[in-house]
Amino acid sequence: MISYEEALRDWEAVIGLEVHTELTTLETKMFCGCKLEFGADPNTHTCPVCLGLPGALPVPNRAAIESIVLAGLATNCDIEKRSMFYRKNYMYPDMAKNFQTTQGPVAFCMRGHLDLAVDGKAAAERRGLDELAQGDQRENIVRTEEGYTAHIGITRIHMEEDAGKMVHIGGGEGRIAGATHSLVDYNRAGTPLIELVTEPDLRTPEEARLFMQKLRQIYLAIGISDCSMEEGSLRCDGNVSLRRRGTTELGTKTELKNINSFKALHDGLMYEICRQAEVLNEGGVIYQETRHWDPSAKRTIVMRVKETADDYRLFPEPDLAPYDLSDEFIEGVRAKLPELPDEKARRFQDTFGLSAYDARHLVEHRETTRFFEACMAVEAADADASKLVKPLANLIINDVTAWINANPGSALDASSLTPERAVQLVGLVASDAISSKQAKEVFAAVFEEDKDPKAIIEERGMTQVSDAGAIEAVVDEVLASNPDKVEQYKGGKTGLIGFFVGQCMKQMQGQGNPKVINELLAQKLDA
């Protein structure tokens, strides 16, 4: 198959997302009083309403309506005061009613947007970026120093109920293909589910990944869902088509269904872009169909030919009256909005003088955000604390985040690394008590031994020597012992500075201050 770079020579990808989020922080289902509980015994949280038994009438969950309005306000949507529910008809065992209750053309939340900051390797996926100067705009992106900002439109966020869970027995990887029989658990049927639909404004798999990550941060911040992709409370469908570069007409799209990880979303879209480009280059035809991303085989597989809206025979739900949301209700929900990730990042920039890059990465995880703010509270008692802000941000963005990723399920606030210990550690590096390399060792030891960094340094004899007189004696000895290398250095082989630094550190058993060693070596070798 052709590479991604080859695919983009003649073709441009047009990507839209449909993000499904279960409102897991609620106590009951959307239209009945059944309890919401992940992992409960099958079919223990059901009733005549969510099973669609004759005569059962739905009763809307007010808290769920508040949650979707909160989601809309947090994503810059207009809140529609008047909307209604429809019946989406389909025959499949995961919905005993044979229809899903969902919203129609007008949803609670319409016409929103999110702005994505794309930089580093992520920005490299956008073709033609080098042609833009900082501040230049092309279509929906603006060039920045680190990459670009992409404006992604949100068509709507609508409310619907989730379906039950199918369990296929005997097939490969739990799929229906090859299964001997299937079971259904209706505990999830009727769970409040919001679906966000983007405009086709995304152009790269990395933009799609960043959109999902940012949306997850927002939903976690406003507290409407646990957003667990592993448990299925946050999942995504990716729609992708290709068009000739320089044209505006949309191509035929395929849909990647039920993507359950950020990596799967990125890799699945990238594969599909390459597959479609290869088909089109060979004169083939792209069919509108739903496809499954197989992460083990690293390819997409046809599931079914895509249905159209007409196939669902939508009509207004006769058992639910239209909604008329009052200004008082909407403003009451708005008052519950917490500080959102973008607002928090701007505050970190303004208050602590952090760069936009550092501030954005600090707010990517709730744990790192809380930890940084706790560290700043510790620093507030120190008159010279401002000099530690940048190294603290680096510690959290790099080392702390790596620990969180390597220890899924472990809470940072329950670990041995307290904000006080983090501040102490970066303070020791700033005062040249230890080197940045030694700090890595001390950082790991804090988790292993549950001790303060100072105690670990003392026990291991790691205190760094910064005394210029003591270091100069070692430097002189190393230079005297290697006259041939000194001559080679003076003859132009300046890369030998690393050799001299290494020899000095070896003599001092790793406790010499590398900065002082480098300065003294430069003075003597370049004299």
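This briefing walks through a predicted protein model, from the whole chain down to single residues. The protein chain holds 17 helices and 18 strands. Its C-alpha trace spans about 95 × 55 × 50 Å along the principal axes. Of the 527 residues, 48% count as buried. Among contacts with a separation of 6 or more, 70% link residues 24 or more positions apart.

**Helix H2 and what surrounds it**

- Helix H2 covers residues 62–74, and its 13 residues should span 18 Å at 1.5 Å a residue; the end C-alpha atoms are 19 Å apart, which agrees.
- Is H2 mostly enclosed or open? Because 10 of its 13 residues are buried, H2 is largely enclosed by the rest of the structure.
- The buried residues of H2 include Ile-65, Ile-68, Val-69, Leu-70 and Leu-73, and smaller stops on your tour could be Ala-64, Ser-67 and Gly-72, which are also buried.
- At the start of the helix, look for Asn-61: a side-chain oxygen of this residue reaches to within 3.0 Å of the backbone nitrogen of Ala-63.
- Just after the helix comes Asn-76, with a positive phi of about 65 degrees.

**Helix H4**

- Helix H4 runs over residues 205–222, and its 18 residues reach 26 Å from the first C-alpha to the last, close to the 26 Å expected at 1.5 Å a residue.
- With 15 of its 18 residues buried, H4 is largely enclosed by the rest of the structure.
- Gly-223 follows H4 and has a positive phi, near 75 degrees.

**Helices H10 and H11, a packed pair**

- Helix H10 (residues 389–406) and helix H11 (residues 419–430) pack at an angle of about 115 degrees, and their axes are 10 Å apart.
- The contact is made by Pro-391, Leu-392 and Leu-395 on the H10 side, and by Ala-422, Val-423, Leu-425 and Val-426 on the H11 side.
- The crossing of H10 and H11 is right-handed.

**Strands that pair with S6**

- Strand S6 (residues 109–119) pairs with strand S2 (residues 78–79) in the antiparallel sense, over two bridges.
- To find this pairing in the model, start at Asp-78, whose bridge partner in S6 is Met-110.
- Strand S6 also runs antiparallel to strand S9 (residues 147–161), and 10 bridges join the two.
- One place to see the S6 and S9 pairing is Asp-119, whose bridge partner in S9 is Gly-147.
- A general point to keep in mind as you look: in a regular strand the side chains alternate between the two faces of the sheet.

**Two residues with positive phi**

- As background, most residues other than glycine have a negative phi.
- Asn-76 has a positive value, near 65 degrees, and is not a glycine.
- Where does Asn-76 sit? Its place is in the loop between H2 and S2.
- Asn-76 is partly exposed, with a relative accessible area of 39%.
- Lys-298 also has a positive phi, near 55 degrees, and is a residue other than glycine.
- Lys-298 lies in the loop between strand S15 (289–294) and strand S16 (299–305).
- Since exposed means over 50% relative accessible area, Lys-298 counts as exposed at 53%.

**Asn-187, a buried loop residue**

- Asn-187 lies in the loop between strand S11 (181–185) and strand S12 (192–198).
- Is Asn-187 buried or exposed? Asn-187 is buried, because its relative accessible area of 8% is under the 20% cut-off.
- The side chain of Asn-187 reaches the backbone nitrogen of Asn-43 at 3.3 Å.
- Beyond its neighbours within four places in sequence, Asn-187 is in contact with several residues, among them Lys-29, Ala-40, Pro-42, Asn-43 and His-45.

**Cys-47, another buried loop residue**

- Cys-47 is found in the loop between strand S1 (11–22) and H2.
- With a relative accessible area of 18%, Cys-47 is buried.
- Which residues does Cys-47 contact, leaving aside its neighbours within four places in sequence? They are Cys-32 and Cys-34.
- Cys-47 and Lys-263 are 216 residues apart in sequence, and their C-alpha atoms are 37 Å apart in space.

Methods:
Residues numbered from 1 in each chain as written. Predicted model: local features only at pLDDT ≥ 70, side-chain atom pairs only at ≥ 80, totals over all residues. Heavy atoms only, no water. Pairing = 2+ DSSP bridges. Helix = DSSP H or I, 4+ residues; strand = E, 2+ residues; numbered from the N terminus. Expected span 1.5 Å × (residues − 1). Buried < 20%, exposed > 50% of the residue type's maximum accessible area, 1.4 Å probe, protein only. Polar contact = N/O pair within 3.5 Å; in protein donor to acceptor, adjacent residues only side chain to side chain. Axes fitted to C-alpha atoms, helices over the stretch in contact; angles between N-to-C directions. Left-handed = near helix turned anticlockwise from the far one by under 90°. Contact = heavy atoms within 4.5 Å.
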